[in-house]
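Welcome! Open your viewer, switch to a cartoon view, and let us walk through this protein one stop at a time.

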Amino acid sequence: MKYKDQTVAPDIVIPSSVEVPSFTEVRTPEGGKLYHVDVSDLDLLRISVVFRAGVRYQTHPFTASATVNMLAEGTASSTSAELAEMLDYYGMYYNVSIDRDYSIVTVCCLNRFLDKALSLLSEILTEPLFPDDELAIYSSKRKQSLIVDRTKVDVMASELFWRSVYGEDHPYGRSSSEDGYDTLTGDMLRRFFRDHYNLENSFTVVSGKIEPGFIERISEVVDRLPHGTRSFNCLPAPHSVRVASADKPDALQAAIRMGRVLFKSDHPDYVTMQVVSTVLGGYFSSRLVQNLREDKGYTYGAWSQVGCMEDSGYIAVATQVAAEHARDAVREIFREMERLRTEPVPSEELDMVKSVMIGEMMRILDGPFGICDVVIENVQNGADNGRIKKIVEEINRTTPKDVMKAASLYLRKEDITTVTVGGI
């Protein structure tokens with residue numbers, strides 16, 4: 001048997017395309033939006049109902065997150081214990097998530113238990129009670145958890161970063177005192193639920209092995225949502241500051257966040273900036289890791305990412321270093337940004353980045369659950385799954401010149417917000 005030389009790295013292979021199953025859009029009899037994609041040979045389904053009910057729409061601190069997190073804490077038909085027992089007995093998975101713009105309610109089940117899953121989902125989305133005793137327990141736990149989290153430099157830095165990039169009064173930058181949990185009431189949650197959890201303010205995505213009749217049965221549940229209006233609020237312009245810091249004298253480490261406001265995902269430079277961010281700190285062999293970890297020994301890791309919300313986007317760099325190295329680390333991060341602005345990325349390095357980016361997309365798309373997330377994102381962006389193919393093509397077309405041009409536009413030192421928290 002002939003063995004390969006283990007000292008020689010394998011060739012970099014960049015996939016030329018990524019196949020993504022297309023989704024089908026249907027309208028329910030009551031006008032609800034439902035998107036489905038048949039993507040699995042396994043008898044599994046994921047059903048996610050997406051509401052425009054994110055943090056930006058709340059008028060009292062923590063109302064949005066408390067509402068979605070307490071949907072299954074008691075309904076008109078079942079106690080929270082009975083709902084949990086049903087989930088456990090039928091092996092169903094229930095999850096909720098929330099960000100600045102959207103909340104998502106998800107149920108996953110075996111196909112043969114679809115009716116049980118739909119019954120549970122309907123109950124949670126149409127009959128929640130938000131009982132005061134459960135809310136008191138929830139608020140106490142969340143408040144204590146937040147108090148503990150806010151003693152950590154990375155959490156402090158994250159909150160300070162968003163306030164510094166968007167402004168304290170901007171919904172994308174606002175953070176609230178933990179005392180806000182003390183004044184949460186069931187009436188607040190019921191009002192938020194009534195205003196935002198309705199048919200017109202939502203869409204549903206179904207992914208998995210879709211058998212005949214499934215979509216009709218799911219549509220019936222979607223149509224049980226009450227009619228209402230689509231959530232909307234006009235956001236103010238971001239108000240960024242360039243430098244912010246907070247001292248924590250007992251901290252052995254300093255948390256660093258650096259970045260700026262960018263643009264939404266429909267901007268022509270969005271994909272190129274994804275490439276820029278990956279070169280900078282988007283994978284384990286990135287430039288920030290090589291510099292701050294491998295060369296300087298300042299940190300265990302560093303990362304950067306380009307992300308977007310419904311009405312904005314950003315680039316963010318994050319790391320934690322020994323407190324005495326904080327200023328040096330900031331200087332080195334700026335140095336790596338400047339290198340990207342002034343020096344072409346070597347072709348071999350760029351090929352590696354492209355391989356990493358497209359490989360990660362293929363990993364996410366491997367299975368019905370990841371594909372459901374991709375469909376949700378594409379629907380939120382007003383696109384179909386052909387968007388993924390276009391992104392892959394654009395990644396493959398990106399040249400060292402493109403990277404340097406985008407970095408020179410969006411990584412100027414005078415535009416970057418720098419936040420440090422710790423023993424500085």
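In which order do the strands of the open sheet lie? Before you look, keep in mind that this is a predicted model. Here is the order to trace on screen: β7-β11-β8-β10-β9, five strands forming an open sheet with mixed pairing.

**Stop 1: the five-stranded sheet**

Select residues 243-247 for β7 and 302-308 for β9; these are the edge strands, and each of them pairs on one side only. From one strand to the next, the sheet twists by 15° on average.

Stay with β9 and add its neighbour, β10, at residues 313-322. The two strands run antiparallel and are joined by seven bridges. To see one pair of residues facing each other, pick glycine 307 and look across to tyrosine 314 in β10. As a general rule, strands of a sheet pair through backbone hydrogen bonds, either parallel or antiparallel.

Now show residues 326-342, which make up helix α10. This helix lies across β8 (253-261), β10 and β11 (417-422), and runs at about 30° to β8.

**Stop 2: strands β3, β4, β5 and β6**

Next, select residues 103-110, strand β5. Is this strand largely enclosed or largely open? Seven of its eight residues are buried, so β5 is largely enclosed by the rest of the structure.

Add residues 44-51, strand β3, which pairs with β5 in the antiparallel sense over eight bridges. Two places show the pairing nicely: serine 48 stands opposite threonine 106 in β5, and leucine 44 has leucine 110 of β5 as its bridge partner. β3 is mostly covered too, with seven of its eight residues buried.

β5 also pairs with strand β4, residues 93-98, again running antiparallel, through six bridges. Here you can look for serine 97 opposite isoleucine 104 in β5. Follow the chain from β4 to β5 and you trace a hairpin, with four residues between the two strands.

Go back to β3 and bring in strand β6, residues 202-208. Seven bridges join β3 and β6, which run antiparallel. Arginine 46 is a good marker for this pairing: its bridge partner in β6 is serine 207.

**Stop 3: a pair of helices**

Two packed helices are described by the angle between their axes and the distance between the axes. Try this with helix α2 (residues 80-89) and helix α3 (residues 114-126): they pack at an angle of about 155°, with their axes 11 Å apart. Angles over 145 degrees count as roughly antiparallel, and α2 and α3 are therefore roughly antiparallel to each other. Show side chains to find the contact, which is made by Leu83, Met86 and Leu87 of α2 together with Lys116, Leu120 and Glu123 of α3. α2 passes α3 in a left-handed crossing.

**Stop 4: helix α11**

Select residues 347-364, helix α11. How far apart are its end C-alpha atoms? They are 26 Å apart, which agrees with the 26 Å that 18 residues should span at 1.5 Å a residue.

Now colour the buried residues of α11: Glu349, Leu350, Val353, Lys354, Ser355, Met357, Ile358 and Met361. An α-helix has 3.6 residues a turn, so residues three or four places apart point the same way. The buried residues of α11 pack against α8 (270-281), α9 (287-295), α13 (386-397) and α14 (400-410).

**Stop 5: three residues to zoom in on**

Begin with histidine 196, in helix α6 (residues 186-196). At 10% relative accessibility, histidine 196 counts as buried, because the cut-off for buried is under 20%. Leaving aside residues up to four places away in sequence, histidine 196 touches Phe51, Arg52, Ala53, Tyr57, Asn201 and Ser231.

The other two residues concern backbone angles. Most residues other than glycine have a negative phi. Phenylalanine 62, in the loop between β3 and α1 (63-69), has a positive phi near 70°. Phenylalanine 62 counts as buried, at 13% relative accessibility.

Finish at phenylalanine 130, in the loop between α3 and α4 (132-149). Its phi is also positive, at about 50°, although phenylalanine 130 is not a glycine. With 1% relative accessibility, phenylalanine 130 counts as buried.

Technical notes: Residues numbered from 1 in each chain as written. Predicted model: local features only at pLDDT ≥ 70, side-chain atom pairs only at ≥ 80, totals over all residues. Heavy atoms only, no water. Expected span 1.5 Å × (residues − 1). Buried < 20%, exposed > 50% of the residue type's maximum accessible area, 1.4 Å probe, protein only. Contact = heavy atoms within 4.5 Å. Pairing = 2+ DSSP bridges. Axes fitted to C-alpha atoms, helices over the stretch in contact; angles between N-to-C directions. Parallel < 35°, antiparallel > 145°, perpendicular 65-115°, else oblique. Left-handed = near helix turned anticlockwise from the far one by under 90°.
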